[in-house]
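Welcome! Here is a short tour of one protein model, with a look at its cysteine links and its surface.

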Amino acid sequence: MKEDSCLHAALICLGMLCYSHAAATERLNHTRPSLHGHHEKGKEGQVLHRSKRGWVWNQFFVIEEYTGPDPVLVGRLHSDIDSGDGNIKYILSGEGAGIIFVIDDKSGNIHATKTLDREERAQYTLTAQAVDRNTNRPLEPPSEFIVKVQDINDNPPEFLHENYHANVPERSNVGTSVIQVTASDADDPTYGNSAKLVYSILEGQPYFSVEAQTGIIRTALPNMDREAKEEYHVVIQAKDMGGHMGGLSGTTKVTITLTDVNDNPPKFPQSVYQMSVSEAAVPGEEVGRVKAKDPDIGENGLVAYSIIDGDGMDMFEITTDYETQEGVVKLKKLLDYETKKSYSLKVEAANVHIDPKFISNGPFKDTVTVKISVEDADEPPVFLKPSYIFEVQENAASGTVVGKVHAKDPDAANSAIRYSIDRHTDLERYFSISAEDGNIKTIKALDREEMAWHNISVFAVEVHKQHQEAKVPVAIKVVDVNDNAPKFAAAYEAFVCENARSNQQFITISADDKDDSANGPRFIFSLPPEIIHNPNFTLRDNRDNTASVLVRREGFSRQKQDLYLLPIVISDGGLPPLSSTNTLTIRVCGCDSNGSLLSCNAEAYILNAGLSTGALIAILACIVILLVIVVLFVTLKRQKKEPLIVFEEEDVRENIITYDDEGGGEEDTEAFDIATLQNPDGINGFIPRKDIKPEYQYMPRPGLRPAPNSVDVDDFINTRIQEADNDPTAPPYDSIQIYGYEGRGSVAGSLSSLESATTDSDLDYDYLQNWGPRFKKLADLYGSKDTFDDDS
């Protein structure tokens, strides 16, 4: 209440000052010439005076945020023509007229009816006018004036952002700028200190400070460590009135993060790492991991690992896993527990990126010792050699030792080993092996010419651990023995002319030997001792594994001898040497004067002496004509024997086969022998079918064939039908058979009327009684004829 009363008194004083200022102005206005008149001389010589301006006006002020009970008097308008009789009416128009500002039309007093806010509107432009109250005629021209809203400190400072975020590198120097914060005040900066701001830090000491006039935040402590504390929260205050008491203030929060720099070297958490690996591990397999801790982050914390010393540098390697920042120790070569059981490595971890500003802090790297122990593994046997090569002579006796393989158990247990041959590599079983000592022997004689090398595989298995197995290749060379005599390289046949000259060469021969080159060439050619002085031919060894055959005498005659057989002995160069005798066939041929062969046939030479060429041609022509006649005859005969039934390939229906002959019964056409019906007594066995090839021979059942001397045609036919029905080689279809057989040895000869006797007396039908029951009727009819005749 006390503050309000003081403010009210101050406003009253201010209004009084404005009023006194206006009164003084009004007095001045009376002395100024009017803007509405001039000195003029009337028509009758009257002097007219210039009318003076009658307004009393000025720029008015009103204090903002006034909350008193009565309207605030802004000012008073008064015209010098106003005599106070109330005939003048004051009118106010313009911004806020009648709403914010009201005027007493009689006295000209202007009041503000509402509380004003300078931050919303700093001034108002109004227009005043004096008119005659009765006629509303303007007495003065309208005049503008301004009402300014006078500022008071009613707005606190406000920052542009409620929260600020900033970064600054760790270990920055004192005074390093971090960020600038800015606040604004809505009060009038030209009036008093209402908008004069001063910045101060409320929270964040002693790490940061702020410049009072600019709002720039700076570091206040040296060597701030991100690894100790990464984030700071700072509160900044902005206060108006120059920071003096009574001023308004505003605050903002600033989050400051220390960014990382490489100020920490990597460090192993322990001095020794223990690892183990099995000797069965393969190269590239991971053995273990080490990790050096670096509190820095990002690229400042990247660490690279390397092996710088130790007896395992050749056996192990280390790589860097950049995702986990670990050093991965891997196996580089195969291990052997029995050879070396442990290794030691010296591993270094170093930063990849180093900041030169902190290089003086020391080396950014660290070392650690890694001890690796090799664990024993159950390994398969190991042969002393990766492969074996042995030699054995061909034709060696069975049981000859070829060689010996040896394997051992690399484990400390040193288990016993058993050996065996992989029989897939020795299908012919040429070799055997001793299961205990690995000696390989022959089972049967070997032939180098058949197979010069034998490649087998030998297994070695631990006696007590059958699953531990090793395999080694064994190559066995069959050493050649001179066991093959040389022979002609080809089947030679020589030709010599009848008019050959003495010592004339007519053929060159060579030899071939299946043995190795050491036991084969060089070949030696010679004639057998018994014909060394052969009068017809001689042999010359060319000493290049060939020999030439020459004529020893002049002139040969085909009429006397046209073929010569010359034995030649060929010896090889083996130890001991082998030889063979090969026969060279030499034919005597007729040649022309140039030595070209004409004929080597002795018979042709004889014919040529007695027959001319024309005679020979005639003989050949006759032979050709005879051959043509024979071919034509055979062709016509085959056409006559073509089957009477023609099967058309396009007709797929069943055919009814008919025969135009009175053939032989159940097995007619090509499959049945009609002679069987004509002579049933002559058959002595089963005649197989001819239209198909039987899978097995069907034997007719005994006892079904009629006796030779008592032939019953009915029984005969029934027997044949039964045999045909039971024959498994018969076709699966029925055949229509026509029988033309009328019985064997019939007195009548034939039942046909064509051969009937001319008289009844020549007929005798008594034999019908012996034909069986089916002919009984005929026997009764014809056999009793004599009786009838006798009765007559």
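The points below cover the disulfides first and the surface patches after that. Keep in mind that this is a predicted model. The count of disulfides comes to two, and with the bonded cysteines numbered in sequence order, the pairing is 1-3, 2-4.

**Disulfide of Cys-497 and Cys-591**

- The sulfur atoms of Cys-497 and Cys-591 are 2.0 Å apart, and the link is left-handed, with -80° about the S-S bond.
- Cys-497 belongs to strand β38 (residues 493–497) and Cys-591 to strand β44 (residues 579–591), so this pair ties together parts that are 94 residues apart in sequence.
- Cys-497 is buried at 12% relative accessibility, and Cys-591 is buried too, at 15%.

**Disulfide of Cys-589 and Cys-600**

- Cys-589 is joined to Cys-600 with an S to S distance of 1.7 Å.
- This disulfide is right-handed because the torsion about its S-S bond is about 105°.
- Cys-589 sits in strand β44, while Cys-600 sits in the loop between β45 (597–599) and α2 (602–610), 11 residues apart.
- Cys-589 is buried, with a relative accessible area of 0%, whereas Cys-600 is partly exposed at 26%.

**Surface patches**

- Glu-428, Asp-447, Glu-450 and Asp-483 form a negative patch on the surface.
- One of them, Glu-450, lies in the loop between β34 (439–442) and β35 (453–462) and is exposed, at 59% relative accessible area.
- A nonpolar surface patch is made of Leu-616, Ile-619, Leu-620, Ile-623 and Leu-627, which together have about 460 Å² of accessible area.
- Leu-620 is part of helix α3 (residues 613–640) and is exposed, with a relative accessible area of 54%.

Conventions. Residues numbered from 1 in each chain as written. Predicted model: local features only at pLDDT ≥ 70, side-chain atom pairs only at ≥ 80, totals over all residues. Heavy atoms only, no water. Patch = residues over 30% accessible without salt bridge, like charges linked within 9 Å, V, L, I, M, F, W, Y side chains within 5 Å. Areas by Shrake-Rupley, 256 points an atom, 1.4 Å probe, with all protein chains shown as cover. Salt bridge = Lys/Arg side-chain N within 4 Å of Asp/Glu carboxyl O. Lys, Arg positive; Asp, Glu negative; His and termini not counted. Charge placed at Lys NZ, Arg CZ, Asp CG, Glu CD. Helix = DSSP H or I, 4+ residues; strand = E, 2+ residues; numbered from the N terminus. Buried < 20%, exposed > 50% of the residue type's maximum accessible area, 1.4 Å probe, protein only. Disulfide = S-S within 2.5 Å.
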